[in-house]
Amino acid sequence: MDIFFQLIINGLLLGGAYMILSLGLTLIFGVVRVVNFAHGVFLMIGMYLVYLLAAQLGIHPYIGLVPAALVLFALGAVTQKVVIEPLLNAGEEIQIFATVGVSTILLNLALVIFGADVFRVHTSVGTGSVAVGPFSLVTGQIATFAVAIVLAAGLHLFMHRTYLGRALRAVAQQRYAAMLMGVDVKFVYVIAFGLGSAFVGVAAGLLAPQYPVFPTVGTYFVLTAFVIVVLGGMGSLYGAVAGSLIIGVVDTLAGFYIAPDLKEVVYFGIFLLILILRPSGLFGLGTE
């Protein structure tokens, strides 16, 4: 029984990393209505930046996540302004192909600069474990989960208590009505894409001590984030939180009781079932 509860705890803590990525992804879709297929490459860029700051300047990843978040905010804002904005009135498939193009360019650029070598951030903080009763918890996962909860709560307050947050929600609900009310929709789109990308920078700093850095490192995490966003409801912030915890637990339980190589099959099976039985997800569509 202790093993089962240990797996549940591990799954919830793992869900913290998924939560940060999913919040960024669902914020972008909820407001801009664009599925950002470059999200994983943005994570890779953030992790490389955190690695370089640690290797060259000795900056701990937990501090390096601040400049990583700022750089990725700028990258997301530029992507929205330069790539997505000219295609706002184009078909959704055109916008998707545009983000795929951005992803392909940045991925190949990383391969040219860094090659296919695997790098690691060497640090003693965030890689150890602590015992809590009969359970063993990885400190890095605890930190990631704590930051994820703070970000989720902060985003909720931002969306409901600030003028800009309410503007984001208004644009998410009805772009043209918000425009008639004087909201600068194009500016809101830039902020939404930038904030969603900045979340990836935070995740990069938290994940860098725990995982190796290489050009395709973001693929696994972001594929899972897509499952979570669909499970919770495209554009639903509450759904992103709940879906992250669910998929984190499913990941650890399936990896232990079935097989590590088959855990993706389990939650992608859940992904297909949700698409068939409840396409709007657990919490429906929209940004709360």
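**Surface patch, pockets, cavity and salt bridges**

Helices α1 (2–32) and α10 (237–257) each contribute at least two residues to a nonpolar patch on the surface of this predicted model. The patch covers about 800 Å² and is formed by I3, F4, F5, F256, Y257, I258, L262 and V265. The greatest contribution comes from α1, which supplies three residues. One member of the patch, I3, is located in helix α1. The relative accessibility of I3 is 52%, and I3 is therefore classed as exposed, the threshold being over 50%.

The largest pocket encloses about 290 Å³ of space. Its lining comprises 18 residues, and those nearest the pocket centre are V32, R33, V34, E92 and Q95. At least two lining residues come from each of α1, α4 (92–114) and α6 (163–173). Sorted by class, the lining of the largest pocket consists of eleven nonpolar, four polar and three charged residues.

For the second largest pocket, the computed volume is about 250 Å³. This pocket is lined by 15 residues, with Y18, Y211, Y220, D251 and K263 closest to the centre. Two or more lining residues are given by each of α1, α9 (217–232), α10 and α11 (263–277). Helix α10 gives the most to this lining, with four residues. The lining of the second largest pocket divides by class into ten nonpolar, two polar and three charged residues.

One cavity of 30 Å³ or more was found. The largest cavity has a volume of about 40 Å³, and its lining is made up of L13, L14, A17, Q141, T144, L207, Q210 and Y211. Helices α1 and α5 (139–161) are the elements that provide two or more residues to the lining of this cavity. The most is given by α1, with three residues. The cavity lining contains five nonpolar and three polar residues, and no charged residue. Helix α1 thus recurs across these features: α1 gives the most to the nonpolar patch and to the lining of the largest cavity, and α1 also supplies at least two residues to the lining of the largest pocket. Y211 lines the largest cavity and is among the residues closest to the centre of the second largest pocket.

Three salt bridges were counted. In one of them, the side chains of D251 and K263 pair, with the closest N and O atoms 3.3 Å apart. This pair links distant parts of the chain, D251 lying in helix α10 and K263 in helix α11, twelve residues apart. D251 is classed as buried because its relative accessible area is 3%, below the limit of 20%. Both D251 and K263 are also among the residues closest to the centre of the second largest pocket.

E85 takes part in a salt bridge with K81, the N to O distance being 3.3 Å. E85 also forms a salt bridge with K186, for which the closest N and O atoms are 4.0 Å apart. The pair of E85 and K186 links distant parts of the chain: E85 lies in the loop between α3 (61–84) and α4, whereas K186 belongs to helix α8 (residues 185–207), 101 residues apart. The relative accessibility of K186 is 45%, so K186 counts as partly exposed. K81, at 44% relative accessibility, is likewise partly exposed, whereas E85, at 16%, counts as buried. Through shared partners, the salt bridges join K81, E85 and K186 into one network.

Conventions: Residues are numbered from 1 along each chain as its sequence is written. This is a predicted model: local features need pLDDT of at least 70, side-chain atom pairs count only at pLDDT 80 or more; totals for chains, interfaces and linings use all residues. Side-chain values use heavy atoms; hydrogens and water are left out. Patches are made of residues with over 30% relative accessible area and no salt bridge: like charges are joined within 9 Å, nonpolar side chains (Val, Leu, Ile, Met, Phe, Trp, Tyr) within 5 Å. Accessible areas come from the Shrake-Rupley method with a 1.4 Å probe; for residues, only the protein chains shown count as cover. Buried means under 20% relative accessible area, exposed over 50%, partly exposed in between (1.4 Å probe, protein chains only). On a 1 Å grid over the protein atoms alone, a cavity is a set of points where a 1.4 Å probe fits but cannot get out, and a pocket is an open set with protein on both sides within 12 Å along at least five of seven lines; lining residues have an atom within 4 Å of a point. Grid points are joined across faces, edges and corners, and a volume is the space filled by probe spheres set on the points. Ala, Val, Leu, Ile, Met, Phe, Trp, Tyr, Cys and Pro count as nonpolar, Asp, Glu, Lys and Arg as charged, and the others, Gly among them, as polar.
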